[in-house]
Amino acid sequence: MNEKAWIQIIYFFFMIPMNWFSCQWIWTLVCRAAGVTRQEVRKYRIENHQEIHPQRKVYDWLVNKSENPKQFKKLLSIYRICTMPSLICFSLAIIGCFTHALDTILDNASIIMPMIIVAVAFVGALYNRITK
C-alpha cells in the first residue's frame, strides 16, 4: 500500500464527521417531521440497541409518530443522500489501496467532497436564517 492511499483513507475518514455535522440541520427537520426531538430519537435508539435491526425499529417508530409520513420519508431520503458521499468516498479510498483504477476518481472526490460539505452547510445556514 502506498503513501497516497493512506493519505486518502485518512482524508476521507475525516470527511465523514464533517459531512455529518453539515447535515445536522436536515436531521433536525427529519425529527420535526416525525414529531419528536433529536433527544427522543437518541433515547429510543439507546433503548433498542440490542434488537435485531435496531435502525429498522427506529424508522418504523418515526414513521408511526409522524403526522405526515410521506413528508417524513422524503426528508429522511434527502438526509441519507446528503450523508452518503463521505461514506462512499471512504469506501472507495479503502478499495483504492488495492487498485490504481480509482486514483482519478478519488483525486476528483477529494476536491468535490469539501464542496458538498460547504454547500450543505451553506444551505442549512440560509434555511435557518430564513426560518427565524
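**Notes on salt bridges, cores and cysteines**

1. Let me start with a pair inside one helix: aspartate 60 and arginine 56 form a salt bridge, with 3.7 Å between their closest N and O atoms. Both residues belong to helix α4, where they sit four residues apart, about one turn of the helix. Aspartate 60 is partly exposed at a relative accessible area of 33%, and arginine 56 is partly exposed too, at 49%. Please keep in mind that this is a predicted model.

2. The whole structure holds two salt bridges. Besides the pair in α4, the side chains of aspartate 107 and lysine 4 meet in a salt bridge, at 3.1 Å from N to O. Aspartate 107 is in helix α6 (residues 103-131) and lysine 4 is in helix α1 (residues 3-22), so this pair ties together parts that are 103 residues apart in sequence. As for exposure, aspartate 107 is partly exposed at 31% relative accessibility, and lysine 4 is partly exposed at 37%.

3. Now to the interior. The largest nonpolar core has 23 residues, and the members that touch the most others are Trp27, Val30, Val41, Leu62 and Phe72. Two or more residues come from each of α2 (24-34), α3 (38-47), α4 (54-65) and α5 (69-96). Helix α2 is the biggest contributor, giving eight residues to this core.

4. Valine 30 deserves a look of its own. Which residues does valine 30 touch, leaving aside those up to four places away in sequence? They are Phe72, Leu75, Leu76 and Tyr79. Apart from the largest core there is another one, of 13 residues, including Leu106, Ala109, Met113 and Ile117.

5. Finally, the cysteines. How many disulfides does a search of the whole structure find? The count is zero. Cysteine 31 is in no disulfide, and the nearest cysteine sulfur, belonging to cysteine 23, lies 13 Å away. With a relative accessible area of 2%, cysteine 31 is buried.

6. Cysteine 82 is the other one to check on screen. The nearest cysteine sulfur to it is again that of cysteine 23, at 4.9 Å, and cysteine 82 is in no disulfide. Why is the pair not counted? A disulfide needs the two sulfur atoms within 2.5 Å, and here the separation is 4.9 Å. Cysteine 82 also counts as buried, at 18% relative accessibility, because the cut-off for buried is under 20%.

Definitions and conventions
Residues numbered from 1 in each chain as written. Predicted model: local features only at pLDDT ≥ 70, side-chain atom pairs only at ≥ 80, totals over all residues. Heavy atoms only, no water. Core = buried A, V, L, I, M, F, W, Y, C linked by side-chain atoms within 4.5 Å. Buried < 20%, exposed > 50% of the residue type's maximum accessible area, 1.4 Å probe, protein only. Contact = heavy atoms within 4.5 Å. Salt bridge = Lys/Arg side-chain N within 4 Å of Asp/Glu carboxyl O.
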